Amino acid sequence: LRGIWDAVETNLQAKARMVREGKAGGKGALVLLLNNHFMLQERLQANEQLARFMGRSGERTGRMVEEDARQLVQRTWLTPLQVLSGVHVPSRKLQSDGLYSRSSRHAIKQALSAFNSEVDAILNNKDLRIEEEVLRMHLVQSSCDFVLPVYAEFLDKFASTRSFSKHPDKYLLYPLERLRPLLHSSLFAGHLSK
């Protein structure tokens with residue numbers, strides 16, 4: 001039975017390599033591995049006799065689920081977080097009236113526009129579909145814990161205290177109070193819930 005288990009794992013790794021070389025940039029491979037590792041873990045947890053027999057191989061599967069999940073969350077949100085962290089407005093860039101300079105306002109607007117585009121792409125990515133709801137909600141919560149504090153800090157620092165635009169709603173498509181429920185309804189679902 002352990003030989004079969006190892007063959008399944010080898011087959012999953014081979015499929016993941018094929019997906020990784022495709023257009024998904026590794027995220028599709030992680031989704032494939034994560035969905036399958038989670039399914040194997042669930043089967044082990046449902047059958048105590050099988051879990052005892054599999055021993056360390058079963059424990060390894062649980063660790064693989066956690067590692068795959070961590071990597072998927074980090075890779076999914078890498079670009080949006082880089083966009084936000086790329087904005088630096090030194091205090092000397094503030095005008096005498098406390099407003100941002102023109103170049104600073106432009107940088108903030110660009111960062112928010114790019115963040116919005118990245119979030120749209122993530123939420124609409126059909127390749128980032130997690131089948132099991134328990135696993136999907138774990139990933140959603142991990143994503144919220146990973147992304148929302150950074151986004152909240154960005155908004156607090158640049159978008160809420162000083163005027164960066166005459167039309168802020170054009171750039172603030174995802175206020176925090178809207179983003180969290182949207183992530184819960186759509187992230188890793190393979191579609192955008194309205």
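Gln74 is partly exposed in this predicted model, its relative accessible area being 34%. The value lies between the limits of 20% and 50% that separate buried from exposed residues, and therefore Gln74 belongs to neither of those two classes. Gln74 is found in helix 4, which covers residues 56-85. Its C-alpha atom is separated by 10.0 Å from that of Lys27, a residue 47 positions away along the chain.

The setting of this residue is a helical chain. Seven helices and zero strands are assigned, and the order of elements from the N terminus on is α-α-α-α-α-α-α. Of the 194 residues in the chain, 38% are buried. Among the contacts in the chain with a separation of 6 or more, 77% join residues that are 24 or more positions apart.

Helix 4 also contains a salt bridge, formed by the side chains of Glu67 and Arg70 with an N to O distance of 2.4 Å. Because Glu67 and Arg70 are three residues apart in helix 4, about one helical turn separates them. Both partners are partly exposed: Glu67 has a relative accessibility of 30%, and Arg70 has one of 39%.

A search of the whole structure finds three salt bridges, and the pair in helix 4 is one of them. Another links Arg129 with Glu131, where the closest N and O atoms are 3.5 Å apart. Arg129 is partly exposed at a relative accessible area of 36%, whereas Glu131 is exposed at 52%. The class of Glu131 follows from the cut-off, because a residue counts as exposed over 50%.

The side chains of Glu133 and Arg136 form a further salt bridge, at 3.2 Å from N to O. Both residues lie in helix 6, three residues apart, or about one turn of the helix. What is the accessibility class of each partner, buried or partly exposed? Glu133 counts as partly exposed at 43% relative accessibility, while Arg136 is buried with a relative accessible area of 7%. The assignment of Arg136 rests on the limit for burial, since 7% is under 20%.

Helix 6, which holds that last pair, also packs against helix 5. Helix 5 spans residues 102-123 and helix 6 spans residues 133-159. The angle between them is about 155°, and their axes are 12 Å apart. Helix 5 is therefore roughly antiparallel to helix 6, because an angle over 145 degrees falls in that class. The crossing of the two helices is left-handed.

Which residues make the contact between these helices? Helix 5 contributes Ile108, Ala111, Leu112 and Phe115, and helix 6 contributes Tyr151, Phe154, Leu155 and Phe158. By class, the contact of helix 5 with helix 6 has eight nonpolar residues, with no polar and no charged ones. Glu133 and Arg136 of helix 6 are thus not among the residues listed for this contact, since charged residues are absent from it.

Key. Residues numbered from 1 in each chain as written. Predicted model: local features only at pLDDT ≥ 70, side-chain atom pairs only at ≥ 80, totals over all residues. Heavy atoms only, no water. Helix = DSSP H or I, 4+ residues; strand = E, 2+ residues; numbered from the N terminus. Buried < 20%, exposed > 50% of the residue type's maximum accessible area, 1.4 Å probe, protein only. Axes fitted to C-alpha atoms, helices over the stretch in contact; angles between N-to-C directions. Parallel < 35°, antiparallel > 145°, perpendicular 65-115°, else oblique. Left-handed = near helix turned anticlockwise from the far one by under 90°. Contact = heavy atoms within 4.5 Å. Salt bridge = Lys/Arg side-chain N within 4 Å of Asp/Glu carboxyl O.
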